[in-house]
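Good morning, and thank you for coming. I would ask you to look at the structure on the screen before I begin.

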Amino acid sequence: MAWLRLLATILALLATAGVAHSFEFHEDTVDAIQLGFRNGSLTSAALVRFYLDQIRRLKPLLHAVIEVNPDALRQAKRADAERRRGTATGPLHGVPVLLKDNIATRDALNTTAGSLALLGSVVKRDAGVAARLRRAGAVVLGKASLSEWANFRNVRNGWSARGGQTRNPYVLSSDPCGSSSGSGVAAAANMAAVTLGTETDGSILCPSSFNSVVGIKPTLGLTSRAGVVPITTRQDSVGPMCRTVSDAVHVLDAIVGYDKLDAAATRAASKYIPYGGYLQFLKKDGLRGKRIGVPNVLFQQGLGEKQMRVYEQQLGRMRLLSYFKSP
Ligand SMILES: *[C@@H]1O[C@H](CO)[C@@H](O)[C@H](O)[C@H]1NC(C)=O
Ligand SMILES: *[C@@H]1O[C@H](CO)[C@@H](O)[C@H](O)[C@H]1NC(C)=O
């Protein structure tokens, strides 16, 4: 009967892809979304409706989102109204974002790190990074699932009592990694424009890798940990998980900076924040002239024939892009 289940899964995924195709913007980048807002082909409300629908339809399959914000559509409509009045501000204005469930927002949402023990914990104040997202104009879509307590409780990757088992959208039976599993899966399966994850030791990088999205683990203190369920202040960091490098950089720009509620770390790290932000480093020919070190022995461990081919292809592409002159 295994093949029957597999067939059903494939059909479900095909149906999903079919529906998603009728939305031109389903996989748009932040830049494309902003262009759509400006040229009138897209509204924030339409985006929120699309993502909420996507979350609802994929929930039984992927369990990537624990709770959606009952206020999301109103926030989106307000953003649209601001844009019509010409008072839209912020680089993420009207852009819907999902936050890992260990990051508090002042919306009517639980912040539980996936645990039933924290159910009913509705925080009155935004986490430092949530406040910055809001200042950049973002719409809070909801809370992404995770490995419970960000894996401080030793659980299977992507499992939490509240969220259930998050699944890898590319291969449902395969590991989504953790602990920011829901953020990675939601970004990969287009349930939000961008997402936030947190990392203590691998919790952004691993699920980004396993779900084929771009994650950035910021240097400690670049992003405030105030309002984030902690593991250790010596290692915790909050960072973007997005579909493209450009999106991740947009989000990083929005969330870094000093916070008096995480004063020591954010003050110490503020000297690393480049004047003018990170977008200036986003260059199409950014690899040109770079020498790339490749620890092949490490990277090739456990790769199958197919993965090996993809790996070599991408390495070749990076090599090509690093030449001074276009070959
Ligand atoms: C408007 O923006 C959308 C979304 O980025 C884009 O696909 C479309 O080509 C744009 N149309 C015009 C006329 O610029
Ligand atoms: C918190 O979670 C509970 C249980 O899922 C839900 O009933 C409630 O609406 C959630 N939100 C708030 C603000 O309590």
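I shall speak about the two ligand sites, then a buried threonine, then a surface patch.

The model is predicted, so local features need pLDDT of at least 70 and side-chain atom pairs count only at pLDDT 80 or more, while totals for chains, interfaces and linings use all residues. Residues are numbered from 1 along each chain as its sequence is written, chains are lettered from A and ligands numbered from 1 in the order in which they are written, and side-chain values use heavy atoms, with hydrogens and water left out.

I begin with ligand 1. Which residues are around ligand 1? They are A32, L35, G36, N39 and S41, where a residue counts if one of its heavy atoms lies within 4 Å of the molecule. An oxygen atom of ligand 1 lies 2.8 Å from a backbone N or O atom of A32. Polar side-chain atoms also approach ligand oxygen: that of N39 lies at 2.5 Å and that of S41 at 3.5 Å. Of the 360 Å² of accessible area that ligand 1 has on its own, the protein covers 45%; such areas come from the Shrake-Rupley method with a 1.4 Å probe, and for residues only the protein chains shown count as cover. By class, this shell has 2 nonpolar, 3 polar and no charged residues.

I turn to ligand 2. Around ligand 2 we find E67, A108, L109, N110, L119, V122 and R162. A nitrogen atom of ligand 2 is 3.1 Å from an N or O atom in the side chain of E67, and a ligand oxygen lies 2.3 Å from a polar side-chain atom of N110. The protein covers 45% of the 350 Å² that ligand 2 exposes on its own. The shell holds 4 nonpolar, 1 polar and 2 charged residues.

Next is T111, in the loop between β2 (96-100) and α5 (128-135); helices (H or I, at least four residues) and strands (E, at least two) are DSSP runs, numbered from the N terminus. Is T111 buried or exposed? With a relative accessible area of 3%, T111 is buried, the term for values under 20%, with exposed meaning over 50% and partly exposed in between (1.4 Å probe, protein chains only). The T111 side chain makes a polar contact with the side chain of K143 at 2.9 Å; this is a pair of N or O atoms within 3.5 Å, and within protein one must be able to donate a hydrogen and the other to accept it, while residues adjacent in sequence count only if both atoms are side-chain atoms.

Finally, I292, V294, L298, F299 and M318 make a nonpolar surface patch of about 430 Å². V294 sits in the loop between α9 (263-269) and α10 (296-299) and is partly exposed, at 32% relative accessible area.

Methods. Nonpolar A, V, L, I, M, F, W, Y, C, P; charged D, E, K, R; others polar. Patch = residues over 30% accessible without salt bridge, like charges linked within 9 Å, V, L, I, M, F, W, Y side chains within 5 Å. Salt bridge = Lys/Arg side-chain N within 4 Å of Asp/Glu carboxyl O.
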